[in-house]
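Hi,

Here is the structure I promised to pass on. Have a look at it first, and then read my notes underneath.

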Amino acid sequence: MTAPHAPCTIAVLGLGRMGEAIAARLTAQGRDVVGWTRSGRAPGTVEVAPDPGTAVAKADLVLLSLFDGPACLQVLGDIRDSLRTGTVVLNTSTVAPAEAAGFARHLGRSYVHAPVIGSVPAVAAGTLRILAAAEQDTLDGVRPVLETLGTVRRVDDARTAAALKLVANSSLAGALLALGDSLRQGDALGLPRTQVLDVLELGQLGGLVARKRPFLTGERAPHTADFTIGALAKDMALLADASATPLRSADALAGPAADPASDVAVAAVPTVEGDVEGAVLDPLRAYVRGHATGDPGHFRDAFLPTAHIEGVRDGAFVSWGLDEYCALFRGRPAADEATRTRSIDAVEVHGSVATATMTLRHGADRFTDVFLLVDAEDGWRIANKVYHRHVGRSSGHR
């Protein structure tokens, strides 16, 4: 790598949304940039080489902006014999921690792992947050280039940088799911979408709402994405695998109704027609009506005839069929019904099956109900329910 402030030629490999924006930003800041893209698409903002080997042949710095780890591995193999001695590889791609560690071992001191936080608008403004892992002298050499793109935060090693990027994206996925829940609740209450967004912009989700409002209101086409649903779902799957911890966001973002090429904000927008999650709520609402009225007919609407309701009652495990469960209800509300509350906490749809959780507060007791639902011939129904009683002073749960 050349001295920190010396001119250098930069090869940007990967000219998707982020790669093209990075190449354009570097070019606008007076850097000598040549690009290459696996798709063969020439963006017009940068000189494009016919193959990656040609792109890196005269480069002092090779910047990778690729979709995933396998793409990085393939491209690094393609350019291995074309890299000049001293050329630094700067990888901004989002990959698994183990993949990042492998690249660092293979390339040694000439490798900088530098995933970025922020999307296309942040690149254009030079406001990315960059998590950089490298030997100090190598990082010093590329720092002027990185600071053209944003603010650099050094981390200990490539594995840590990759893991932190996935965790950061997990917070975005969580915020999108929370935003979607808020919009669905606003719709259920009959509130105008613009009014709901105005108020949400004042709160904890304000920054996200402000940035993504054109997508949330349909003013901007979903396919002009800054960051796609498919890319974020890929990152969440990597995080779930690396942490051995299942993530609700991975399945929710990559659900059957989500177009992976759309901007991530679209994942938060409730659909009006064919809303699968809305249909799943129907049997859950019938279940709530059964508790509120004491009428077992609502439970027959909610459950499959073969359903079982299971849990621990008075210290013993019980498993009721639907008829046994319905027999517990006498067709009238509980005496303290006015003080009882029930709320649906979460719904996750997985094609033709779904899971849901609900919290019920009956007097001093609190119950967590967990449901397995299936899209049966006559619509969504509850196949099974299990529950846990958080003991207070009241009697058993029905």
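Below is what turned up, taken sheet by sheet and then helix by helix.

One thing to keep in mind throughout: this is a predicted model.

**The six-stranded sheet**

A good place to begin is the open sheet built from six strands, in the order S11-S10-S15-S14-S13-S12, with mixed pairing. Which strands stand at its edges? They are S11 (316-321) and S12 (341-350); each has a single partner strand, so one side of each has no neighbour in the sheet. On average, neighbouring strands here are turned by 15° against each other, if you ignore direction.

If you walk in from the S12 edge, you come to strand S13 (residues 353-362), which pairs with S12 in the antiparallel sense over nine bridges. To find that pairing on screen, look for Val347, which sits opposite Ala356 in S13.

Further along, strand S14 (residues 365-376) runs antiparallel to S15, and eleven bridges join the two. A hairpin takes the chain from S14 to S15 through two residues. Thr368 is a handy marker for this pair, as its bridge partner in S15 is His388.

The mixed character of the sheet shows when you get to strand S10 (residues 303-313). S10 runs parallel to strand S15 (residues 379-390), and five bridges hold the pairing. Here Glu310 faces Val386 in S15.

**Around strand S8**

Earlier in the sequence, have a look at strand S8 (residues 128-132). Is S8 mostly enclosed or left open? Four of its five residues are buried, so the rest of the structure largely encloses this strand.

S8 has strand S7 (residues 116-117) as an antiparallel partner, with two bridges between them. S8 also pairs with strand S9 (residues 150-154), this time in the parallel sense and over five bridges. Arg129 ties the picture together: Ile117 stands opposite Arg129, and in S9 the bridge partner of Arg129 is Thr151.

The link from S8 to S9 is worth tracing by eye. Together with helix H6 (residues 136-149), the two strands make a right-handed β-α-β unit.

**Helix H7**

Next comes helix H7 (residues 158-188). How far apart should its ends be? With 31 residues at 1.5 Å a residue, H7 should span 45 Å, and its end C-alpha atoms are indeed 45 Å apart, so the two values agree.

Both ends of H7 have something to show. At the start, a side-chain oxygen of Asp157 comes to within 3.3 Å of the backbone nitrogen of Arg159. Just after the helix, Gly190 has a positive phi of about 75°.

**Two single residues**

Thr9 lies in strand S1 (residues 9-13). Its relative accessible area is 19%, and the cut-off for buried is under 20%, so Thr9 counts as buried. Apart from neighbours within four places in sequence, Thr9 is in contact with Asp32, Lys58, Ala59, Asp60 and Leu61.

Ala244 sits in the loop between helix H10 (229-243) and helix H11 (248-253). Its phi is near 55°, a positive value in a residue other than glycine. Is Ala244 buried or exposed? With a relative accessibility of 68%, Ala244 counts as exposed.

That's the tour. Happy browsing!

Terms used:
Residues numbered from 1 in each chain as written. Predicted model: local features only at pLDDT ≥ 70, side-chain atom pairs only at ≥ 80, totals over all residues. Heavy atoms only, no water. Pairing = 2+ DSSP bridges. Axes fitted to C-alpha atoms, helices over the stretch in contact; angles between N-to-C directions. Buried < 20%, exposed > 50% of the residue type's maximum accessible area, 1.4 Å probe, protein only. Right-handed = clockwise from strand over helix to strand, strands pointing away. Expected span 1.5 Å × (residues − 1). Polar contact = N/O pair within 3.5 Å; in protein donor to acceptor, adjacent residues only side chain to side chain. Contact = heavy atoms within 4.5 Å.
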